[in-house]
Amino acid sequence: MSITALIAIVVGLLMLLTPFIAYNSWQKTKKLTRRADFLESLTWVLLKVDVPRNNEKTPLAAEQLFSSIHGILRDDRVVQEHISFEIVANSTLIQFYIFMPTHLQDFIEGQIYAQYPDVHIEKIEDYAQKAPIENMVIAQTEMTLTKEDVYPIRTFTNFEVDPLAGITAVLSKLGPQEQVWLQFCVRPVGDEWQKRGLDLVKKIRSGSDKKKSGMFVSLFKLLGDVGKEIVRPNSAVGAGESKPVELAGPVVEALGGIENKATKLGYEVIMR
């Protein structure tokens, strides 16, 4: 087949895909509009959570708390609520806050008291609206992952001491004109990410995790025989079973971490 004929086929295929791309764009815009309308209809409440100094609850209580809060998961992801867990520190105190839709207040308070019966929860006005930030130098950042989200991060089980203690120790040393605000916006997700993680483990262990080529290779594959001439499949190891893939120790450990993570309930999280 000549190059000219091949280009004509690809161009024709792209023209066929154009309505599909436009439809997907319209659907995405429609979802964003629904999401914006939903958020605009909500009212919000800010709770201050005072934890007693002699609190002896282990991090496991927090894990159980978030397992319970996962119950707000909706089938419709477009209108899924999010909750913001916040830590604010200055030279005199470290304070915990939770910002949420008003209709979730009773449920969230109940789950907190179930795990931390000695805390004091109080509804307050938004501290962020009254913060004296004039003439202050402000730096901000948002944390991102260095790998795919199916990979594990270190949890409290990987630390010899409560990891929160390390954070609060730093926050307790702020100067008179210094403040630190930490924000963790979370919303529950279904189990789709778990399947992605287990599929990745399977691919890596089988050696079939090589990245695919670009969009045009995918188009050529759809052309049948033409695609077969351009994209050659990976050569087989032999007529029998495929050769086992030898993996480095850190890779094996990471794969075990992915499998363990896939047993947990999931959240989408933004850390600022």
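## Overall content

Accessible areas in this report come from the Shrake-Rupley method with a 1.4 Å probe. On that basis, the protein has an accessible surface of about 19,500 Å², and carbon and sulfur atoms contribute 57% of this surface. The structure is a predicted model.

The protein has 272 residues, of which 26% are buried. Its secondary structure consists of 8 helices and 6 strands. Read from the N terminus, the elements follow the order α-β-α-β-β-α-β-α-β-α-α-α-α-β. Among contacts in the protein with a separation of 6 or more, 81% are between residues 24 or more positions apart.

## The sheet

How are the strands ordered in the sheet? The open sheet has 6 strands, arranged E4-E1-E3-E2-E5-E6 with antiparallel pairing. E4 and E6 are the edge strands, since each of them pairs on one side only. On average, neighbouring strands of the sheet are turned by 25 degrees against each other, with direction ignored.

At the E6 edge, strand E5 covers residues 180–189 and runs antiparallel to E6, to which it is joined by 6 bridges. One residue position across from E6 can be named: Phe 184 stands opposite Met 271, which belongs to E6.

## Salt bridges

The whole structure contains 9 salt bridges by this search. One of them pairs Lys 48 with Glu 122, with 3.6 Å between the closest N and O atoms. Lys 48 is in strand E1 (residues 44–50) and Glu 122 is in strand E4 (residues 120–124), so this salt bridge ties together parts that lie 74 residues apart in sequence. The two strands involved are also neighbours in the sheet order E4-E1-E3-E2-E5-E6. Glu 122 has a relative accessibility of 33% and therefore counts as partly exposed; the partly exposed class lies between the cut-offs of 20% and 50%.

A second pair is Lys 130 and Glu 125, whose closest N and O atoms are 2.6 Å apart. Are these side chains buried or exposed? Lys 130 has 60% relative accessibility and so counts as exposed. Glu 125, at 56%, also counts as exposed.

## A link to the segment after E6

Another salt bridge joins Glu 142 to Arg 272, the closest N and O atoms being 3.3 Å apart. Glu 142 sits in the loop between E4 and helix H4 (163–171), while Arg 272 is in the segment after strand E6 (266–271), so the pair ties together parts 130 residues apart in sequence. Glu 142 is partly exposed, its relative accessible area being 42%. Arg 272 is likewise partly exposed, at 42% relative accessibility.

## Nonpolar surface patch

Which residues make the nonpolar surface patch of about 360 Å²? They are Ile 133, Met 136, Ile 138 and Trp 181. Ile 138 lies in the loop between E4 and H4, the loop that also holds Glu 142. With a relative accessibility of 57%, Ile 138 counts as exposed, because the exposed class begins over 50%. Trp 181, another member of the patch, falls within the range of strand E5, residues 180–189.

Key:
Residues are numbered from 1 along each chain as its sequence is written. This is a predicted model: local features need pLDDT of at least 70, side-chain atom pairs count only at pLDDT 80 or more; totals for chains, interfaces and linings use all residues. Side-chain values use heavy atoms; hydrogens and water are left out. A salt bridge is a side-chain nitrogen of Lys or Arg within 4 Å of a carboxyl oxygen of Asp or Glu. Helices (H or I, at least four residues) and strands (E, at least two) are DSSP runs, numbered from the N terminus. Buried means under 20% relative accessible area, exposed over 50%, partly exposed in between (1.4 Å probe, protein chains only). Patches are made of residues with over 30% relative accessible area and no salt bridge: like charges are joined within 9 Å, nonpolar side chains (Val, Leu, Ile, Met, Phe, Trp, Tyr) within 5 Å. Two strands pair if DSSP finds at least two bridges between them. Axes are lines fitted to C-alpha atoms, for helices over the stretch in contact, and angles run from 0 to 180 degrees between N-to-C directions. Contact means heavy atoms within 4.5 Å.
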